[in-house]
Amino acid sequence: MAYQEVEKYSKPVRVLHWFNTASFLLLFITGLILFIPPLAIAAQDSWTRLIHRIAAVLLVAAPVIFALIYPGKAARALKEAFTWGSGDLDWLKAAPAYYFLADESAMPPQGHMNTGQKMWWFLTVVFGVVFVATGAVMWFARDTIAPTGFLWAIFTHDVAFIVTGAMLFVHLYLSVAHPLMRPLRTGSWSAMTRGTVSAEYARAHHARWFEEITAATHAQAAAANREKVLVGSHGGKTG
Ligand code: HEM
């Protein structure tokens, strides 16, 4: 069968993804410099602190601007990420056999986002709010908040840093390195660069979504055919 591709992510979604990746990595590196005492020397003249603040503004501004320009896309993605059902429980049960034993048959059919991707979304949105709230306290309320409140803000910011930093590496590993993903040929890497995945990858990893889009394509083709027939028969009568 000829090699076929389907679109998984539109261009604006990919641009937002890479923009967020760049600002998150900047925040992570400049945060790490503040977090690890021997590295703190690099933060002494404050340029890393300035970069941290600029990257924080970019990290928040990009999804807000995206949502203003593409409200439909933003609402659909949030709905998808925050809609959980019994299928997600099945994914969680199957995940150890799938990821550690490469037992692909254990995994139930997945939609456009699988449960792991939904968890990553959930984590980034929830911890995004935590970062903004605690970062704002450190940034703007340093001189006005009680010392314990300030320490709690730093502690919570650090917990969010450790959890999201660890999960970023899990996300990177699963997206670009896990053997089942075969990313550089057909999988998630091409989804985030060119926006497309092979039909074979879509069928194997996102079977429910693949069925939905093929059913929609067939319905469109059938409607177009019907239209042609109707136009033809109408033309025949009057002509
Ligand atoms: C998006 C909103 C964010 C805001 C507004 C923000 C703001 C801040 C501010 C004002 C500081 C204090 C810097 C200083 O001492 O001058 C700070 C520290 C820090 N930030 Fe962020 N930040 C944000 C996101 C992040 C992210 C995404 C990460 C990492 C993934 C991160 C990691 C850190 C770390 C590790 C520290 C050092 C805390 C400590 O002293 O123990 N921040 N942040």
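Helix α1 (residues 11-35) packs against helix α2 (residues 47-69) at an angle of about 155 degrees, and their axes lie 9 Å apart. Angles over 145 degrees count as roughly antiparallel, so α1 is roughly antiparallel to α2. The model is a predicted one.

Where do the two helices touch? On the α1 side, the contact includes Pro12, Leu16, Phe19, Asn20, Ser23, Phe24 and Leu27. On the α2 side, it includes Thr48, Ile51, His52, Ala55, Leu59, Ala62 and Phe66. An α-helix has 3.6 residues a turn, so residues three or four places apart point the same way. Keep that in mind when reading the residue numbers.

**A second pair**

Helix α5 (residues 115-140) and helix α6 (residues 147-177) also form a packed pair. Their angle is about 155 degrees, with 9 Å between the axes. α5 and α6 are therefore roughly antiparallel to each other.

Which residues of α5 meet α6? Among them are Gly116, Trp120, Leu123, Phe127, Val130, Phe131 and Thr134. From α6, the partners include Phe150, Ala153, Ile154, His157, Ala160, Thr164 and His171.

The table sets out the two pairs.

| Pair | Angle and axis distance | Crossing | Residues in the contact by class |
|---|---|---|---|
| α1 and α2 | about 155 degrees, 9 Å | left-handed | 15 nonpolar, 6 polar, no charged |
| α5 and α6 | about 155 degrees, 9 Å | left-handed | 14 nonpolar, 7 polar, no charged |

Charged residues are absent from the contact of α1 with α2. The contact of α5 with α6 has no charged residues either.

**Helix α4**

Now look at α4. This helix covers residues 86-101, which makes 16 residues. From its first C-alpha to its last, α4 reaches 23 Å. That is close to the 22 Å expected at 1.5 Å a residue.

Where does α4 kink? The kink lies at Ala94 and is about 45 degrees. The proline Pro96 follows shortly after Ala94. Just past the end of α4 comes Ala102. Ala102 has a positive phi of about 55 degrees.

Conventions
Residues are numbered from 1 along each chain as its sequence is written. This is a predicted model: local features need pLDDT of at least 70, side-chain atom pairs count only at pLDDT 80 or more; totals for chains, interfaces and linings use all residues. Helices (H or I, at least four residues) and strands (E, at least two) are DSSP runs, numbered from the N terminus. The expected span of a helix is 1.5 Å times one less than its number of residues. The bend at a residue is the angle between axes fitted to the seven residues ending there and the seven starting there. Axes are lines fitted to C-alpha atoms, for helices over the stretch in contact, and angles run from 0 to 180 degrees between N-to-C directions. Angles under 35 degrees count as roughly parallel, over 145 as roughly antiparallel, 65 to 115 as roughly perpendicular and the rest as oblique. A crossing is left-handed if the near helix is turned anticlockwise from the far one by less than a right angle, and right-handed if clockwise. Two residues are in contact if their C-beta atoms, placed from the backbone, lie within 7 Å. Ala, Val, Leu, Ile, Met, Phe, Trp, Tyr, Cys and Pro count as nonpolar, Asp, Glu, Lys and Arg as charged, and the others, Gly among them, as polar.
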